[in-house]
Every structure is written in C-alpha cells, then in structure tokens.
Amino acid sequence: MAKLHVTTSVNGEPVEFLCEPYETMLDALRAQLGLTGSKEGCSSGDCGACSITLDDRLVCSCLMLAAEAEGHEIRTIEGMAKGDKLHPLQQKFLEQAALQCGICTSGMLVASEALLKKNPDPTEEEVRFWLAGNLCRCTGYDKIVRAVMETAAEMREAAQ
Amino acid sequence: MNVVNNKWIGQRTIRPDGVDKVTGRAAFAADTTMPGMIWGKVLRSPHPHARIRSINTAKAEALPGVKAVVTPRDVVDFTIEKGAVMLGIQDMRWMCRNVMAREKALFPGHPVAAVAATTEAIAAEACKLIEVDYEVLPWSIEIDDALKPDAPILHEWNKIDGKPSNIVGKIEVKKGDIAKGFAGADVVVERSFTTRPVHQGYIEPHACLISVAADGKTTIWSSSQGQFMVRAMTSMLTGIPQSDIRAIPAEIGGGFGGKTIVYLEPLATLLAKKSGRPVKMVMTREEVMRATGPTSGSKSTVRVGAKKDGTIVAAHGIFHLQAGAFPGSPIRGAVGCSFAPYDIPHVLSEGFDVCSNRSKVAAYRAPGAPIGAYAVECVLDELAEALKMDPLELRLKNAAKEGTKAAHGPVYPRIGYIETLEVAKSHPHYAAPLGKLQGRGVASGYWFNAGGESSAQVNITEDGNVVVTTGHPDIGGSRAGIANICAELLGIDYRRVSVIIGDTQTVGFSNLTGGSRVLFASSMVVTQATDKVINTLRERAAKIWEIDPEAVKWENGAAHPASPNAGQFEPLTLADLAEKAPSQGGPIGASVQLNTQGAEGGFGTHICDVEVDVDLGIVRVVRYTAVQDVGRAVHPSYVEGQLQGGVAQGIGWALNEEYIYNKDGKVDNPGFLDYRMPVCSDLPMLDCALVEVPNPKHPQGVKGVGEVPLVPVMAAVANAVYNALGRRFYALPMSPPKVSAELDAPTQQAAE
C-alpha cells in the first residue's frame, strides 16, 4: 500500500510527512520528525511516556495513528519551553527533583500541563488520578505531585 | 570529615542533566540513530523447556531486506566442563547461554536466533521463517515443583548426592550454635512465607545501537547500568577485543539492577559485524517481561527464639530462591541481610539457589534482602505480640550497634540503626490515631552497600570552569551529588561544574551502577582528583608569587597567602590561574582510579499505615514514613527520592505485583495493564526522615542509600494489614483476590 501524506501542525509549526497506514503517531514523531522526547515504554497505552496533546486533548501517541494527525494540532514535550524559557512545570520539576531517570518525565510534564489548562486549581486527589496513566518507577510520585500542586499555585498567583 | 559548614553539600541544587530531561532532549538508547541503520529482532522460544535439535535459517536469509542472521553458533561458547569464567558476579557460561539458548531453550522467551533487516517489519517476518526443530521437554516453574524427586532437570550436569538436581547452589552464614540458643528461649515463633517473582519495572525497555567497522572497531550506544560491563560481556561473547569496543552509556531510563547484564548488545554486535551495517535493537514491553530478569520468587521459613524480656537468643532462616533458567539467584542478600540489624548470639541462615523454567533472574534493588527481611520482620512482629512488647521496643532491645559482629562477617563500625528506631518511635506518625479498618506496621532492613572500582577525571577549562568525568551511568541524580561535592571542595558555584559520564574509551574502568555504590565510590575518586587539582592550583599561585606552595591556601575558589607571613598578594581565582595556565606549566587536571573500600552497610526503619476495603479486598497504603541512616545527604532531594522510589516498589511487591503463569508455562501478564505496578493514585505522599550518621570511612561521610529503602517495605505493609484485620498473610502479593479469599475464609489461625 502506498504511504499516506499527512499535513498537520506540531508545536505550532506546519509539518508534512509520509507514513504507513498502520504507523503510530509516536513512531512518526520519533522516526520521521526526529522528535524523540516522547518515549515508548509499552506501546499499549499503559505507561503514558508517549503522552502528547491532540487539539489540547491528552492522548497516548502510541495509541494514535499518524494519519489521524491530518488537519489537527499536535503538541509534544519539545514545544513546552518557549525558546530558552522553561515552562513553570519544567522549572518546578527541576527544583523539586521530580524526576530521577527521566524516561517518564516528558509524558508527566505533557500530562500535567494538560491538567492545569483544564483545572488550574486541582486537589492532590485530582492530580493523582489525572496522572494515574503515567507510570513512574523511580520517584514514588511524591515529588511529582508536589511539583504539580506548587506550580499550579504559582501559576494561579501569577495570573491574578 | 574534611567538609564542614558546607555551601553546596546538602543543598538541593539543580541537576546537571536536568534541563535536557525536562525538555525531551536527553538521548536515551532508543533515541539514537545512524546513517545506514538497520533493525534487529530476536526469535524466541515458545516453550518453557525444549532441546534444540536444529535451526534452519535458509528461508529467512533469502527474504529480501534481510541483511544478517545469527544463531547460537555465532556466540562464543563458554563450555560448562571448563568451569566458571566469572565477570563480576556473572558466570559467562550462563551468560552465553542466556543471550542465546545453546543446547536447550529453558524458558518461553529464551532467544534462539536473531535477524537484522532493513525494516523492523521485515526482521520480524524473517524470524517467522526460521525453522527450529525442538524436542519439547517437561518443565517446572514453581520452587516446590522444581524440588520434587521426579522434577524435570534443567541442567543434568548439576548433581547433589550423585543425583541430578535443580538446587544449583547453597550458602549459609552462621554464628554460635542455634541448638544451644533455642534451648534457652522462652518463646519461639516459626513461620513460613512465599513471595512471587516481580520485575524491576523500568519504564525504558532495553535498547542499543551498534556499529562494527570493517576493521572490527565497534561502537555501542546502549542503555545499561555499566558501559564497562557492556564492553566486557560483549567482548567475551563476540571475541572482539575490549580495546576495539567503545561502549557509550546512553541516558538510562531506569534499571534497579535489571540492566546489570547484557541481553541485546552481543546479538546486535554480531548482526552488525555480519551485515556491515549499524544495527538497532529495541525490546518490546512484552519481551522485557518475558525474557529479562525479574527477581526470584521465594519460599522461606524463619524461626526466632527470645527470652521473656525480649532478648533474642537464636534465629534460623531457610530461604529458597528461584534462579530461573541459570544459577545465580540472590541468596547472598537473603541470607546475609535478613538478621543483620540485630545482635543475636546464635544465627544460622541458609540459602538455596533453585533453577526452574523461567527467565534468569537479574539483580533487583538490594537483591534478595527484601525477601529475607519480609520473613524475618513479620516473625519479629509476631514475637513482639507474643511478648506483649512494642515492635520498635523489641527491635531496640536487640539492635546491632558499633562493635556488633554480624552473622555475615563484619564487625560494625559506628552505625545508625538505633537512631532510625528512635526517630521512628518518636515520629508523630507512630502516635497518630488510626481509623476503622486501618492498621499500622513497622519493619527494619539492611543492605550491605558496595565500594569497588571507580575512576574520575577533573579538568579545568581554559575559562576557569570545571568538567568532571566519571564512569557510572547516572540513574537517579548522582551527577547532582558529584557537582555539589566538587563545587564544595573548589569553593565555586556548583553551576560551574559540568559532570558527564564518560564512555569506556575516555574514562578509566568503573564498575557497575549497582550495590548503592555510585555516589560513595565516585565521590571518593572525585574528591581525590579535585584535591590534586587544588594542589596544582596552589603550586601555580606559589610560583607566580614566588613563595612556597605550603604558604598558599585554597579558599572560596581562589589561592590566598596562607598567613600574613607568606606575603601580601591579591587572591588568584580559578579563572586567573586557568588563564595563566599555558605559561605556568600547562593544562590543569587530574585523574584518579581507585578500588574503593569502606562502604558500610545501611539501615532503615519504616512505618506503614494501611486501610482495608473489606468488600473489595483492596489494601491501600494511607500513610508511610521511611527512616534511614543515609550517612551524609549530599543532595537531600535525590536521597529522599531513593527512599520514596524504593518504598513505592515495595508497596507494589506487597500488594499487587507478581508474575502469573498459564498452564503452558508462559507468563500471562507480560504488560503494564496486568502486571500492576503502583500508579500515582495508588499511593499517598511518602514521608522521609533522614538520619545522618556519617560513614567514618568516606571523605564526605557518604553511605549508599538506594537499596535499603526497598528492604523493609513488604513486612511493614504485611504487619500493618495484620494490625488492621487481625489476620496474617504469609504470601505475597496481598492482592484483592487473595485478600478477599482470606476474608471469606472462616476465622481460625489468627491466634494460633
């Protein structure tokens, strides 16, 4: 079968690529577009290391076909910082040591940003259930949850 | 201790590799590519136990796009008869058979051939075309089955009393005479326990990219806990000399012990050599679960005797651990660590290494120790109850301290175990009220810790900053600790210290990231190298000032006259001296290689509260406090992170994680959906109390901290469940179906 031609937007930039009909968005990002910040931990949607947003909706890119990106807006970890200015979540993860090996970090950050866009004032329980689809084996989640809560508080304050 | 009033040691600095990791730039093994790269795939045995009669690769080789096929014949054979060839704790006879089955396939998932092709899909298709003629054999997986008199034998050469056996190893540690000890006991508690195999659960699957040039020069990018281990094992299994193999450590996405051996690297090297193309191999999650090392399942019996006043007089442990396909289960950890927190006059601790048709175990965080501690610490809980003593009091009464001779050998120097008990006892958590169906448990744990070989280079850049190169992959933030220490010694801002992990051809030999050794050992070599650099800087200043080097001191990042007698000179900063280096003797730097000694063991005491949903059988941990003697918390956040991560893994082990086998002997839950590790909503905040009793044998007082925190957890959770329900569980995991079954059973053995 011929490859499909996909026109989409990734991190605000217009992008075109060719993909196999069965190719996942994760594979397209990593292999075709060179965006390897999204990680493959399971390829079954269980670990969240490949989290991206599709029109602001949080998805596992391993469960999405690359062809489905046609006409939509994709955002990945690579688009989170603005130039050399880190997103407040990225900065807080660094300050709070909310990462150890770092393999889950891209997905955690993308998922956390999606949460705060939807709910700028989440409870601890809301953070924990929102991030329940993002596995981390190193941290026990403690510092991640604290980092998200603190960033949310600071972002609310900054918005006032 | 050469460092007091620290500016950087003990600070929560930003890790050197941090920005790369929060922006997605950090290069993990699977993120690497090369021009001309092709893909490797492994053909794996579908059978738990089968003799391999023949392998025919002709059809696979004929498939368009296939560039190379390798079979067991291509892997260097370490014959069994010639005896052990050890690399660290690994016997290459088993490694060569584990990376690719030789005479027999010993577990479902055991590699039997590998293919490299222009696409992953073609490589996978080619694997299906390889014809393997198997003679399927009977198999056993569980320890009890492998020990039956008529059990299928994995390794016929292994004999006990002249008969082939699956018991492939036995060790014991002994102190005093337990018969004498138990004779003097007023109370004796003996219980048996089982645990299931659990996986390390790193989120990053094994991956590598390997290129072999026409002259044999080999470059390996891979995810491992030791680039030197990768180089040595790949060399031994392929015949390429170590000097021709450059093993580059990619950022590693978790290891926990599971990446201390090779799986893919020798196969990818052979495929790259045969094809002349760079070969990339990445495992699927299913391959990780089926074919890489979980830790042992186990069965243990522990007997402890005490006087009425709580003095423990004797202890006996028997630990059987599943090794999987090849010898090497972590019996040393189970046997050596389980009684180590206590001063007991009579101890016998025996461990048996049992092979069965399951993937070969790999190390998992304090290998063996959590299994032993689970049994011992649960028995101590029952003993405390029988003696009507507080469980922390019982431990305090028998706690090991400076001068105690442990059954496994060492006489302890100044240790902080008693401090952990005291902190736990006075912690608000221990006195907090409990609600309905809630319970509290405590447990302690010990891990040996390790020193060993480390190398480091400290180089001053031309603009007066610092590059530190060490040889240990950084999994949990060790670069941050090294930056703190080097900055402290040089008296400069930590952001001026760049810490990188060198590859095998650019930094001296450094042993694995494992055994909780990295910060202990690497900070020792970095300290010595930095001290050498400081001496050079003092000599340079002395030369410029034309005074004696002894009259120059190094302080706050600059050379100063040591006293007014030395003369009046403006301080020379690191930048000044770097700038003057070309005219004053050349580059400034030092390298140090050591076989580090003095890694003393570590102790922790944990408090766990659970709440049980008796309708659904769900146990939830609602509060947790980990207390640990950490020596010196060079970077407290990453020390706490080690405690929190270990606790989370232990909670998974206690409550949910297990390998489930189907009737065909295959793992039935080889993915994250069914192999249920703790997710964010399963856990509470995990509180830490860091006790700092500096290691007297380390320049900064560092002790290993990474492994101790997994050791006490399962017992702490189990003791809490007992406290909540009045029923004891003697098997892990205490997962909902098992808790429900127990709750539905008639009450009987609670007060046996």
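At what angle do H2(A) and H5(A) pack, and how far apart are their axes?

1. This is a predicted model, in which local features need pLDDT of at least 70 and side-chain atom pairs count only at pLDDT 80 or more, while totals for chains, interfaces and linings use all residues. Residues are numbered from 1 along each chain as its sequence is written, and chains are lettered from A in the order in which they are written.

2. H2(A) and H5(A) (helices are DSSP runs of H or I, at least four residues, numbered from the N terminus) pack at an angle of about 135°, with axes 9 Å apart, the axes being lines fitted to C-alpha atoms over the stretch in contact and the angles running from 0 to 180 degrees between N-to-C directions. H2(A) is therefore oblique to H5(A), since angles under 35 degrees count as roughly parallel, over 145 as roughly antiparallel, 65 to 115 as roughly perpendicular and the rest as oblique.

3. Among the residues that make this contact (C-beta atoms, placed from the backbone, within 7 Å) are A:Leu89 and A:Phe93 of H2(A) and A:Ala147 and A:Met155 of H5(A).

4. The contact between the chains takes 42 residues from chain A and 41 residues from chain B. On the side of chain A that touches chain B, helices H2 (88-95), H3 (105-118), H4 (124-130) and H5 (142-159) of chain A each give two or more residues, and the largest share, four residues, comes from H2(A).

5. Leaving aside neighbours within four places in sequence, B:Cys486 is in contact with B:Val458, B:Val466, B:Val468, B:Val497, B:Val526 and B:Thr530.

Methods. Contact = placed C-beta atoms within 7 Å.
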